[in-house]
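Please find below a short note on the model under review. The points are numbered so that each can be taken up separately.

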Amino acid sequence: DGCIKAVGQADVIRNQFSEATFERIIDCSGKCVLPGLVDAHTHPVWAGDRVHEFAMKLAGASYMEIHQAGGGIHFTVEHTRKATEDELFTTFQHRLERMLRAGSTLVECKSGYGLNLETELKMLRVIERAKKSMDIGISSTYCGAHAVPKGKTATEATDDIINNHLPKLKELKLSGEIHVNNIDVFCEKGVFDLESTRRILQAGKDIGLQINFHGDELHPMKSAELGAELGARAISHLEEVSDEGIVAMARAKCAAVLLPTTAYMLRLKQPQARKMLEEGVIVALGSDFNPNAYCFSMPMVMHLACVNMKMSMNEALAAATINAAYALGKSDTHGSLEVGKQGDLLVINASRWEHLIYQFGGHEALINYVIIKGKVVYENERCETMSSY
């Protein structure tokens, strides 16, 4: 059934299964077995890359300056609106395959480059198609409030989402066409303020979606306090979170999805991972894969978390497995090697698992097997011919 049947000492397991026959046996001598990695925050469905903006960023343009010059999210929205569903699906499929080869077995995937009902639904249909046709696990997120569409005020955009987008999502959920798991809003100065964010998140919660949103990234917005109050499952970014917000999240068991790639790319101050951990917040990690932070690799994210956010390797591994699964409401089935949980695992070509973090960008020669629901979905031949050192 794709679930783990036993975990323990080799001799105990040999005795337990002495009569059993197996379709396949993998020799993991001298290797490590880890839970499949969970990427708790990505924006992987879009058309039109923003490689030209990278040069602008390097020359000192801020995120909001690029946004106001018609770049950023609006540039991607224009290209995504023009792309066909099939075009979006093909690129999305390739991106998910790259994430899988880097060890991710469960990925949160957002819409949010449509900003109108038609394109948002197109993106969600693309995510639904991948859920049905691919091995990788997907938690889908409606992120229609990713930016205020051109020609609308934030209040008008909020009303449109509450009166038109969410009722349509509810209808499609009931008919079984689209199953969305989470609702997201970019709560930020000049985008959606605290009151608009509250209205959208509450309306999403009312139709059965988990709250999982962007908060306190560029300016302190009291997003963490709002999320704790609304019973949010997770809040992402939190570079500018207040001390009170951290305490409120810890009390509410609301996960903090930290994104070291974003702070690195935008040269922002790093999220306060240490303070959050000390206060008892459930800290998770995500790649924030999007046209602004083009990173597929959770091992690289873990490395950045350790170096730039001062997390230990154990903390980073927990944040990229069990805690990231918790942030998606999936920690009862994913994120650790326990009997009864889904058989999602990695076999690492190294005698110590820490090589996955220590070898910066080295996952391509380290990840020997990726297994989902007990089935080998990726086998890396390079590992058989070389030692990991």
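The points below cover the annotated domain, the sheet, the helices across it, one exposed residue and the cysteines.

1. Status and annotation. The model is predicted. An unreviewed UniProt entry lists residues 33-377 as "domain: Amidohydrolase-related". Within residues 33-377, helix accounts for 45% of the chain and strand for 16%. The C-alpha atoms at the two ends of this range are 15 Å apart.

2. The sheet. Eight strands form an open sheet in the order E2-E3-E4-E5-E6-E7-E8-E9, and the pairing is parallel. Strand E2 (37-39) and strand E9 (283-285) are the edge strands, each pairing on one side only. From one strand to the next, the twist averages 25°.

3. The E8-E9 pairing. Which strand does E8 pair with over three bridges? Strand E8 (residues 255-258) pairs with E9 in the parallel sense over these three bridges. Val257 has Ala284, in E9, as its bridge partner. E9 is also one of the edge strands noted above.

4. Helices lying across strands. Helix H5 (residues 85-101) lies across strand E3 (104-110) and strand E4 (137-145). The angle between H5 and E3 is about 140°. Helix H7 (residues 154-174) lies across E4 and strand E5 (182-185), and runs at about 155° to E4. Strand E4 is thus crossed by H5 and by H7.

5. Gln68. This residue belongs to helix H3 (residues 63-68). Is Gln68 buried or exposed? Gln68 counts as exposed because its relative accessibility is 64%, and the cut-off for exposed is over 50%. Thr91 is 23 residues from Gln68 along the chain, and the C-alpha atoms of the two are separated by 27 Å.

6. Cysteines. How many disulfides does the structure hold? There are zero. For Cys254, the closest cysteine sulfur is in Cys187, at 13 Å, which is too far for a bond, since a disulfide needs the two sulfur atoms within 2.5 Å. For Cys306, the closest cysteine sulfur is that of Cys295, at 14 Å, again too far for a bond.

7. Burial of two of these cysteines. Cys254 has a relative accessible area of 0% and is therefore buried. Cys306, with a relative accessible area of 15%, is buried as well, because the cut-off for buried is under 20%.

Note on methods:
Residues numbered from 1 in each chain as written. Predicted model: local features only at pLDDT ≥ 70, side-chain atom pairs only at ≥ 80, totals over all residues. Heavy atoms only, no water. UniProt positions renumbered as here; feature names shortened; annotations may be inferred. Helix = DSSP H or I, 4+ residues; strand = E, 2+ residues; numbered from the N terminus. Buried < 20%, exposed > 50% of the residue type's maximum accessible area, 1.4 Å probe, protein only. Pairing = 2+ DSSP bridges. Axes fitted to C-alpha atoms, helices over the stretch in contact; angles between N-to-C directions. Contact = heavy atoms within 4.5 Å.
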